[in-house]
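The following explanation leads a new reader through one protein chain, from a single residue outward to the whole. Please keep the sequence and the model in view while reading.

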Amino acid sequence: MTLRLVEFVVAGNEASDLLPVRSAALLRAYGARRGFWTVLDEGPVERCLALLLERDDGEWTARHVMADAGAENGRTEDGEALAHHDGWVYVFGSHFGSKAGPLRPRRAFVARFREDDAAAGLVPVHVVRNSFRLHRAVNDALAGSPLTLLPPGERVRARFIVETLARGTAREKRWVSRLAPDDLPLNVEAAAFTPGGTALLGLRFPVTEAGEPILVEVAGVPDMFTAEPAWPRALRAYVLTGVTPPGELTGFRAITPTTDGGYAAVIGSIDALGKGSVLLDDHPGGGDVTSRHVHFRLPGDASEDAYRLVGESVADLSPFHHVEGLAELDGRPFYVTDEDHRVALWVG
């Protein structure tokens with residue numbers, strides 16, 4: 001596959017995920033014929049929204065979008081995944097921590113905003129921090145699933161779980177009741193809503209014992225934002241089979257719905273090389289892994305093996321190790337890669 005590179009500088013930061021703009025009003029406001037949302041993965045969510053736009057004359061431009069999260073300004077970090085649902089753009093935090101741990105409550109959030117609002121100036125963003133409630137729900141779903149998970153490793157458990165519990169206990173945080181010593185740290189890197197309104201969360205970690213990526217279906221995400229909020233429920237966990245080479249560990253990096261009713265995804269390394277990752281200290285086979293563009297469908301029944309999703313390879317994205325976002329638009333693939341101090345959009 002031949003890809004064309006379009007480079008941007010947006011607030012001096014790199015990008016995560018890629019979500020097509022659906023709002024005609026927003027495109028008109030910028031004189032654009034197409035565009036994508038991305039989220040910059042350092043800083044609070046209200047400072048990290050950006051648009052990558054192809055103007056009517058064919059030139060590409062980037063816009064750093066100003067937003068306001070009200071009382072939650074400055075209280076989030078590490079937005080990783082974007083998804084459309086019912087006129088809203090949702091932003092999911094990683095629910096993870098730094099490369100060396102511990103877990104960070106600021107990363108356990110979901111935010112949303114109306115896409116049309118971005119055509120008119122400062123964008124109101126509603127942020128809900130869940131204080132590890134989603135961590136608890138997903139860990140319980142994984143523990144109750146038929147999946148055989150890769151053990152996290154002693155350093156991972158010590159840095160991400162034991163240290164988080166110790167810090168929370170010392171600071172008398174109520175969220176410590178939602179963590180357990182045998183939990184797995186979650187790294188949410190991808191998200192997409194189903195036609196039924198549930199959210200598919202693609203995990204970069206954990207993975208299965210065979211090194212295959214895991215997807216968790218969650219209900220009730222929009223209910224977090226109602227006048228009387230309720231917390232999401234993890235319904236089931238899936239494993240994506242057939243696309244991970246033997247001996248490698250691959251996690252989800254991006255997910256997007258496709259026009260045929262299925263989903264496209266990028267899978268790749270469980271963490272970045274050369275950045276002091278405790279995950280890679282315990283699992284060195286999960287770092288030097290190039291990205292792949294794959295396709296899958298959710299099962300149409302509740303059979304015994306319905307948790308196994310059969311993946312199909314679309315494109316080997318070698319030599320890229322760090323594809324962070326994927327969109328399929330007008331029959332063409334678009335990818336965004338994690339680059340130092342720039343945003344790199346690759347057009348198929």
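**A guided reading of the chain**

With a relative accessibility of 13%, Arg-107 counts as buried. The model in which this residue sits is a predicted one. The side chain of Arg-107 meets that of Glu-77 in a salt bridge, at 2.9 Å from N to O. Arg-107 belongs to the loop between β8 (88–93) and β9 (109–114), and Glu-77 to the loop between β6 (67–68) and β7 (79–85), so the pair ties together parts that are 30 residues apart in sequence. Glu-77 is also buried, its relative accessible area being 16%. Both values fall below the limit for burial, which is set at under 20%.

Other salt bridges can be read in the same manner. The structure holds 22 of them. In one, the side chains of Arg-236 and Glu-217 meet at 2.7 Å, N to O. This pair links distant parts of the chain, for Arg-236 lies in strand β15 (residues 233–241) and Glu-217 in strand β14 (residues 214–219), 19 residues apart. The two partners stand in unlike surroundings: Arg-236 is partly exposed, with a relative accessible area of 37%, whereas Glu-217, at 7% relative accessibility, counts as buried. Salt bridges that share partners also join Arg-33, Arg-34, Glu-54 and Asp-330 into one network. A further salt bridge brings together the side chains of Asp-57 and Arg-55, at 3.7 Å from N to O. Here Asp-57 is exposed, with a relative accessible area of 55%, and Arg-55 counts as partly exposed at 30%.

Attention may now turn to a sheet. In general, the strands of a sheet pair through backbone hydrogen bonds, in either a parallel or an antiparallel sense. In this structure, an open sheet of 4 strands follows the order β2-β3-β4-β5, and its pairing is antiparallel. Its edge strands are β2 (15–20) and β5 (60–65), each of which pairs on one side only. From one strand to the next, the twist averages 25°.

Within this sheet, strand β3 (residues 32–40) pairs with β2 in the antiparallel sense over 4 bridges. Two of the residue partnerships can be named: Ala-15 has Leu-40 of β3 as its bridge partner, and Leu-19 has Trp-37 of β3. Strand β3 is also joined to strand β4 (residues 49–55) by 7 bridges, and these two strands run antiparallel. Trp-37 takes part here as well, with Leu-51 as its bridge partner in β4. Strand β3 is mostly covered, since 8 of its 9 residues are buried.

Which residue of strand β8 is considered next? It is Tyr-90 that lies in this strand. Tyr-90 is buried, with a relative accessible area of 0%. Leaving aside residues up to four places away in sequence, Tyr-90 touches a set of residues that includes Ala-81, Leu-82, Val-110, Phe-193, Pro-222 and Phe-225. Arg-112 is another residue that Tyr-90 touches, and a polar contact of 2.7 Å joins the side chains of the two. For orientation across the model, the C-alpha atom of Tyr-90 is separated by 27 Å from that of Thr-241, a residue 151 places away along the chain.

A helix shows a similar theme of burial. Helix α2 (residues 133–143) is mostly covered, with 8 of its 11 residues buried. Among these buried residues are Leu-134, Arg-136, Val-138 and Leu-142. The buried residues of α2 pack against α3 (154–170), β13 (199–205), β14 and β15. Two of these elements have already appeared, as β15 holds Arg-236 and β14 holds Glu-217.

The parts may finally be set within the whole. The chain has 4 helices and 23 strands. Its radius of gyration is 19 Å, close to the 20 Å that the globule rule gives for 348 residues, so the chain is as compact as a globular protein of that length. Taken along the principal axes, the C-alpha atoms fill a box of roughly 55 × 45 × 40 Å. Buried residues make up 59% of the 348 residues. Of the contacts in the chain with a separation of 6 or more, 61% are accounted for by residues 24 or more positions apart.

How values were computed
Residues numbered from 1 in each chain as written. Predicted model: local features only at pLDDT ≥ 70, side-chain atom pairs only at ≥ 80, totals over all residues. Heavy atoms only, no water. Pairing = 2+ DSSP bridges. Axes fitted to C-alpha atoms, helices over the stretch in contact; angles between N-to-C directions. Salt bridge = Lys/Arg side-chain N within 4 Å of Asp/Glu carboxyl O. Buried < 20%, exposed > 50% of the residue type's maximum accessible area, 1.4 Å probe, protein only. Contact = heavy atoms within 4.5 Å. Polar contact = N/O pair within 3.5 Å; in protein donor to acceptor, adjacent residues only side chain to side chain. Rg over C-alpha atoms; globule rule 2.2 N^0.38 Å.
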